[in-house]
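The exercises below are to be worked through with the sequence and the 3D structure at hand. Each has a task sentence, followed by a solution in steps.

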Amino acid sequence: MNLNVFLSSIRNNPWLTPVTVMALVLGALLAVSLKTQQTLRSASLPSNRFSGLAAAYRDQQEQLKMANEEISKLRERTTQYENEMASASEKAKLLNESLQEAKFLAGLTPVEGPGIEVILQDSKKRPPANSPIDIENYIIHDSDLQRVVNELHAAGAEAVAINGQRIIANTAIRCVGPTVQVNSIALSSPYVIQAIGDPETLASALNLPQGVLTDIQALDPNMVKIVKKSKIQIPAYTGSLVFRYAKPVVATPGNSAQEGEGSSSR
């Protein structure tokens, strides 16, 4: 009786069969989708993995900091030995003076003198709704730091450091993720740029109209702060100085120069 009623209903409603089949197919797809999501959740990283990675990153940064401090101490000890050896003879004394001058010029000794501090930091502001200004403009980038360092050198800065990282000839300043790396050390906002030189000249160079800081100051003046200092201490460079490919050119009598042999390191 019930079967006859069902068959009669199908005959009177021809759309019932395809709709029923479609409902069954959709139900099967939904079940597969739920099963897949459950599998992905069970296969994903545990929530505490991210905190573990962050802790490992902090440990690596701390170990790197300790290694740099140890390198600085070893270089200071080397300088002491060099000075002691130089006291043995006048020739060795002159040789040591040249060596210390070369290390000074290379940024391998701490220095102090008058200068300025330039503090660059990300803005707390955000662009207005429907504004064409990108939010990236409210963040300090590697290009901003590089431009300021270039301007300071052009204005006569004799030593420059960013957050304690001494700028030398092969220093790279580049964005890596949310941080800026200087000498392969990750730094974050605020960035304190120290420069030794004439404070008035250095500050004036950065405050020139249409200068390197004009665009940043136009967006948010609080992103930039310049302080003149009567005395600044800048630490020595503590990174690697091994050269694998560059070799000194050695001049000889009768021959202007010839390539040296073997790799060199300082």
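**Exercise 1. Find the residue of S5 that stands opposite Cys-175, and describe the pairing around it.**

Step 1. Cys-175 stands opposite Val-180 in S5. Strands are DSSP runs of E with at least two residues, helices are runs of H or I with at least four, and both are numbered from the N terminus.

Step 2. The model is a predicted one, in which local features need pLDDT of at least 70 and side-chain atom pairs count only at pLDDT 80 or more, while totals for chains, interfaces and linings use all residues. Residues are numbered from 1 along each chain as its sequence is written, and side-chain values use heavy atoms, with hydrogens and water left out.

Step 3. Strand S4 (residues 173-176) pairs with S5 in the antiparallel sense over four bridges; pairing requires that DSSP finds at least two bridges between two strands.

Step 4. Two residues lie between S4 and S5 in their hairpin, and Gly-177 in the turn has a positive phi of about 65°.

**Exercise 2. Extend the hairpin to its sheet and state the order of the three strands.**

Step 1. On the other side, Val-180 has Leu-187 in S6 as its bridge partner. S5 and S6 run antiparallel and are joined by three bridges.

Step 2. The open sheet therefore reads S4-S5-S6, with antiparallel pairing. S4 and S6 are its edge strands, each pairing on one side only.

Step 3. From one strand to the next the twist averages 35°. H5 packs on this sheet, touching S4 and S5, and its direction makes about 170° with that of S4. Such angles run from 0 to 180 degrees between N-to-C directions, and the axes are lines fitted to C-alpha atoms, for helices over the stretch in contact.

**Exercise 3. Determine the strand order of the five-stranded sheet and explain why S3 and S8 each have one side without a neighbour.**

Step 1. The five strands form an open sheet in the order S3-S2-S7-S1-S8, paired antiparallel.

Step 2. Strand S3 (165-166) and strand S8 (224-234) are at the edges; each has a single partner strand, so one side of each lacks a neighbour in the sheet.

Step 3. Helix H5 (residues 142-154) packs on this sheet through S1, strand S2 (159-162) and strand S7 (191-196), and its direction makes about 10° with that of S7.

Step 4. Nine bridges pair strand S1 (residues 111-120) with S8 in the antiparallel sense. Val-111 stands opposite Ile-234 in S8.

**Exercise 4. Identify the residues with the most contacts inside the largest nonpolar core.**

Step 1. A nonpolar core is a set of buried Ala, Val, Leu, Ile, Met, Phe, Trp, Tyr and Cys residues joined through side-chain atoms within 4.5 Å. Buried means under 20% relative accessible area, exposed over 50%, and partly exposed in between (1.4 Å probe, protein chains only).

Step 2. The largest such core has 27 residues, and Leu-120, Leu-145, Leu-152, Ile-162 and Ile-193 have the most contacts inside it. H5 gives the most to this core, with four residues.

Step 3. Beyond its neighbours within four places in sequence, Leu-145 is in contact (heavy atoms within 4.5 Å) with residues including Leu-120, Ile-162, Val-180 and Ile-193.

Step 4. A second, separate core has six residues, among them Val-111, Ala-159, Ala-161 and Ile-196.

**Exercise 5. Decide how the buried residues of H6 are arranged around its axis.**

Step 1. Pro-199, Leu-202, Ala-203, Ala-205 and Leu-206 are the buried residues of H6.

Step 2. Viewed down the axis of H6, they fall within an arc of 160°, so they line one face of the helix. The arc is taken over the directions from the helix axis to the C-beta atoms.

Step 3. These buried residues pack against S1, H5, S7 and S8.

**Exercise 6. Is Lys-103 buried or exposed, and what does it touch?**

Step 1. Lys-103 is found in helix H4 (residues 90-105).

Step 2. With a relative accessible area of 12%, Lys-103 is buried.

Step 3. Apart from its neighbours within four places in sequence, Lys-103 is in contact with Arg-75, Thr-79, Glu-82, Leu-108 and Thr-109.
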